[in-house]
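Hi everyone, thanks for coming. I'd like to walk you through one interface today, so let's put the structure up.

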Amino acid sequence: MSEWPAAAVDYVQAITDTKLVLGHRYAQWSLAGPSLEDDIGGSSAAQEEVGHVRQLFRKLESQGRDGDWLRGDRDPEEFANASCLDAIDGDWTEYMATIAPVDRAAWYMLDAVDRDDMDGMITKMGEDEYFHLEYHDARLETLADESPEKLRSTLAETLPSALALIGPENLDDDADPLVDAGFTSQSVEGIRERFVDHYRDLFADTDVSLEDVDWDAPDADAWDETRRRVGGGGIRKEDLVQIRGERNAEFAIE
Amino acid sequence: MSAKQRTGGASGPSHESEFVQRRRAGASTFEEQLWTELDGIPDPHIPVSLVEMAMVYDVTADDGHVDVEMSFPCMGCPAYDMIKNDVRSCLRVVDGVDSVDVDVVWDPVWSKDMLTEPVREKMRNSGISL
């Protein structure tokens with residue numbers, strides 16, 4: 001496999017870490033849904049996200065990233081997951097309004113990768129993501145009827161976080177280094193536009209107002225291009241213990 | 001019960017999809033033997049072999065070393081490592097095989113179109129709809 005630009009490794013690392021934490025969030029909430037259908041959907045999504053991570057780790061290892069480090073031998077501040085996944089302390093509505101935009105953002109970023117040696121893998125992931133995103137949208141629409149205010153206030157936090165994962169709007173066709181390197185076929189600006197249009201359309205005929213959302217986020221000057229977020233923070237130590245599988249290490253297949 | 005018995009026997013040409021037949025067409029006599037061995041490994045979820053499931057994409061042997069390319073219907077398959085171990089364990093005991101590498105690939109993407117009608121029938125008989 002040819003060597004990727006450093007910015008491309010960071011880009012895929014952020015997608016991977018987001019999927020890794022997302023998989024854990026799905027699993028943690030998979031028995032907390034309001035219906036069995038929600039639990040089954042969440043469990044399936046958890047399994048698929050972790051499956052995606054397993055393949056993305058292989059790609060990152062081929063680019064020099066250490067396998068143990070990838071699998072959790074690092075500090076929370078070294079994870080490049082979307083910031084809104086650091087902790088989800090609310091109820092089901094807040095959970096759904098957090099994971100849905102992040103899953104979509106990570107997929108759009110992956111879908112923008114333009115490499116022949118990743119095409120099949122990404123297509124396969126897209127088969128899974130199609131169902132994740134369809135499910136999320138259907139659920140967000142029902143929640144828009146049931147608890148529009150909570151959905152509004154949560155999305156005001158999580159949509160900018162997902163936009164920070166994608167990147168700042170100044171990375172257009174002329175300025176995006178990954179487009180310039182031929183690693184992606186769509187600039188950050190283009191991905192953002194696709195993402196923003198989707199949510200504006202989804203909630204257009206609902207009682208959920210998106211007027212409070214900072215659609216211009218993140219501030220390019222404050223943006224951490226490695227962790228793809230603004231500000232510090234990270235997952236909790238307990239999350240790290242789970243990601244590392246420390247308590248179940250004796251059952252690992254070598 | 002052998003693995004071959006568990007999967008209902010080796011898959012003859014009628015159980016192999018055109019895709020597998022194309023991949024298998026250029027196999028040497030020894031590689032053909034390895035394909036047959038792999039055809040005895042059952043999918044842990046479904047009563048058909050990995051070859052019948054069109055999960056084995058390529059088998060090449062060179063001076064005692066064997067490379068197997070395979071794919072998975074589900075990227076999040078919980079039996080991912082177990083199946084790879086099955087492939088390695090199955091081939092390592094074959095005379096003339098010193099080492100085995102298993103590479104998981106996603107091109108082409110696995111699809112149900114790779115299954116033959118006899119395999120589909122087996123799956124339907126097991127209650128799996130396609």
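A quick definition before we look: a salt bridge here is a side-chain nitrogen of Lys or Arg within 4 Å of a carboxyl oxygen of Asp or Glu. Please also keep in mind that this is a predicted model.

With that in hand, go to Asp103(B) and Arg58(A). Their side chains form a salt bridge, with 2.8 Å from N to O. How many salt bridges are there between chain B and chain A? The count is one. Polar contacts add to the picture: eight residue pairs across the interface of chain B and chain A are in polar contact, with both residues at pLDDT 80 or more.

Now, where on chain B does this side come from? Two elements, α4 (80-92) and β3 (99-104), each supply at least two of the chain B residues that touch chain A. Sorted by class, that side of chain B has eleven nonpolar residues, two polar and one charged.

Next, the contact as a whole. Chain A brings 14 residues to it, and chain B brings 14 residues. Together the two chains bury about 1,200 Å², and 55% of that lies on carbon and sulfur atoms. Which residues of chain B lose the most area to chain A? Those are Met75(B), Trp106(B) and Val109(B), together making up 48% of what the chain B side buries.

Last, a word on annotation. An unreviewed UniProt entry places a "domain: MIP18 family-like" feature at residues 31-102 of chain B. Over that stretch, the chain is 29% helix and 24% strand, and its end C-alpha atoms sit 15 Å apart.

That's my tour, and I'm happy to take questions.

Terms used:
Residues are numbered from 1 along each chain as its sequence is written. Chains are lettered from A and ligands numbered from 1 in the order in which they are written. This is a predicted model: local features need pLDDT of at least 70, side-chain atom pairs count only at pLDDT 80 or more; totals for chains, interfaces and linings use all residues. Side-chain values use heavy atoms; hydrogens and water are left out. Contact means heavy atoms within 4.5 Å. Buried area is the accessible area (1.4 Å probe) that two parts lose on being put together, summed over both. A polar contact is a pair of N or O atoms within 3.5 Å; within protein, one must be able to donate a hydrogen and the other to accept it, and residues adjacent in sequence count only if both atoms are side-chain atoms. Helices (H or I, at least four residues) and strands (E, at least two) are DSSP runs, numbered from the N terminus. Ala, Val, Leu, Ile, Met, Phe, Trp, Tyr, Cys and Pro count as nonpolar, Asp, Glu, Lys and Arg as charged, and the others, Gly among them, as polar. UniProt positions are given in the numbering used here, feature names are shortened, and annotations may be inferred rather than shown by experiment.
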